[in-house]
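Work through the exercises below with the model open. Each task is followed by a solution in steps.

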Amino acid sequence: MTSTSTLERSAGGRLTAVRWTRAQWMLLLVLCTVLALDALDVSMVGVALPSIGTELHLGTESLQWIVSAYVLGYGSLLLLGGRMADLLGRRRIFLIALGVFAAASLLGGLVDDPALLIATRFVKGLAAAFTAPAAFSIITTSFAEGRERNRALSIFTTFGASGFSLGLVVGGLMTSLSWRWTFLVSVPVAVAVVILGLRYIPRDEAAGRAGGKDTTGEQESGHDVWGAITLAGGMLGLVYTLVAAPGNGWGSVATIAGFVASTAVLAAFAVIENRVKHPLIRFSILKEGWVARANLSAVGLFGSYLSFQFILTLYLQSVLGWSPLGMALALLPTGLLVASSAPFADRLIERFGAPRLILTGLASLTLGYVLFLRVGTSPNYVTDILPSVLLLGIGFALAFPSINVQATAGIRDSEQGLAAGLIQTSTQVGAALVLAVTTAMVSGHGNVPEAGAALDAAAMLEQYRPGLILSAAVAVAALIIAATPRLSLGKRRQPEVESGERLLDTP
């Protein structure tokens, strides 16, 4: 696909951005809305957990599955979803998966059985595993690398971060009506986006079709079927083992067997990828630029934040007795900071560089977590909670778009879906891992408070504190990784100039 937005060099040698057309802005709006919807869904359900637990009589470990079922579907198929978008057509994959997402949202808002509710969350995660990387790669192949792509990606990822942050507020509003509205509110939005997507998402030619060529001009044929099967199976087994470990026990036979089996399947996948002519995933992509470091930073960023939100929701509502709406308003500054950064995030990246913003953002997150460790059973909002809320908003606004820009910089168009799938898989698998460990720490620290249980507030806070410490520790680890120079698995591939091929710019 040719770029729909380019850069022109003026007589003075300066790069000047070409203005986007209405169609380009509508394309970006469609893609951004879907990412925000995915993030909003995760965040809203997090706010609704206590209400769901009360109505359906679920404890903390069971409530974890409301969150983890989505992560299970999302994290296990993201790499496959991203590559399938490259091979079968980004537009087709995007629209079909979004329709499935809408149907699962509708069903989730109507069911009463906890198992069916968890199943709909799993299906929504599967659908998002295809929409998210497809949307990401549509952007990276529709906007020229450099300032234009940075601008588009900054807006795109800020929509995602804003959706996640503002989901706390929207979730509080919806939960005040009924927790079911946290599912149903997504339906009309998804349907509207499908209609707009049919008009504004350009048709593309899949690189992997018989007789087709990728964007580098290389002839390709056939699909890596066994690679797709082993990748999906291995990731599904790994993520399931992670999210089930708190309930089964980390040293249980089921957990150990799950890790061994999933590792064996993923090892088989690695062998297949090194032998087939056209592999589903080119492992050497991890050697390029910031790809490895960006993915590890994403694990720390989202893993620590989702676990912190999980505990924060229970703390504010179970320990302090706040209403969902009151909690949402208390956390509103985080969402406002992230949302308000959208208009100038690309300019910040251009001026200071994405690596510096990643470091600054992770440092802000870390400080926010550490400051929150001071909270007690009767905190003062302005002095004890608000500083952390503001620091988290600043940290997410700076780090999230910058990590995504760095994760895809210098990658050829034919592998943008793969790069997008990698960074989003790191985000979701990191969330699954840290959340599973957090839940295990909370569950193993005294009696787990069941929904509606009358426990001493101080005792409940002590049960949650190890999870808060873990979030801070994970953020510190991510900060160290981001600050480590030249953390990659080899030398970066320098793009070659071939006949008709665009030389990739590097930020």
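**Exercise 1. Classify Arg121 by accessibility, then find its charged partner.**

Step 1. Arg121 has a relative accessible area of 1%, so Arg121 is buried. Buried means under 20% relative accessible area, exposed over 50%, and partly exposed in between, with a 1.4 Å probe and protein chains only.

Step 2. Note the basis. This is a predicted model, in which local features need pLDDT of at least 70 and side-chain atom pairs count only at pLDDT 80 or more, while totals for chains, interfaces and linings use all residues. Residues are numbered from 1 along each chain as its sequence is written, and side-chain values use heavy atoms, with hydrogens and water left out.

Step 3. Look for the partner. Arg121 makes a salt bridge with Asp41, and the closest N and O atoms are 2.3 Å apart. A salt bridge is a side-chain nitrogen of Lys or Arg within 4 Å of a carboxyl oxygen of Asp or Glu.

Step 4. Place both residues. Arg121 sits in helix 4 and Asp41 in helix 1 (residues 22–56), so the pair ties together parts that are 80 residues apart in sequence. Helices are DSSP runs of H or I with at least four residues, numbered from the N terminus.

Step 5. Check Asp41. Its relative accessible area is 0%, so Asp41 is buried.

**Exercise 2. Which residue pairs with Arg180 in a salt bridge, and is each partner buried or exposed?**

Step 1. The partner is Asp112, at 2.3 Å from N to O.

Step 2. Arg180 lies in the loop between helix 5 (147–177) and helix 6 (181–184), and Asp112 in the loop between helix 3 (90–108) and helix 4. The pair therefore ties together parts that are 68 residues apart in sequence.

Step 3. Arg180 is buried at 15% relative accessible area. Asp112 is exposed at 52%.

**Exercise 3. Describe the salt bridge between Arg465 and Glu462, then find what lies across from Arg465.**

Step 1. The closest N and O atoms of Arg465 and Glu462 are 3.4 Å apart.

Step 2. Both belong to helix 17 (residues 457–483); they are three residues apart, so about one helical turn separates them.

Step 3. Arg465 is buried at 17%, while Glu462 is partly exposed at 38%.

Step 4. Widen the view to shared partners. Asp41, Arg121 and Lys124 are joined into one network by salt bridges. The structure holds five salt bridges.

Step 5. Return to Arg465. Its C-alpha atom is 9.8 Å from that of Tyr315, 150 residues away along the chain. Tyr315 lies in helix 10 (residues 291–319) and is buried at 2%.

**Exercise 4. How far apart are Gln424 and Ala129 in sequence and in space?**

Step 1. Gln424 belongs to helix 16 (residues 416–443) and is buried at 8%.

Step 2. The two are 295 residues apart in sequence and 8.7 Å apart in space, C-alpha to C-alpha.

**Exercise 5. How do helix 14 and helix 15 pack?**

Step 1. Helix 14 spans residues 354–372 and helix 15 residues 381–408; their axes are 7 Å apart, at an angle of about 155°. Axes are lines fitted to C-alpha atoms, for helices over the stretch in contact, and angles run from 0 to 180 degrees between N-to-C directions.

Step 2. The two helices are therefore roughly antiparallel. Angles under 35 degrees count as roughly parallel, over 145 as roughly antiparallel, 65 to 115 as roughly perpendicular and the rest as oblique.
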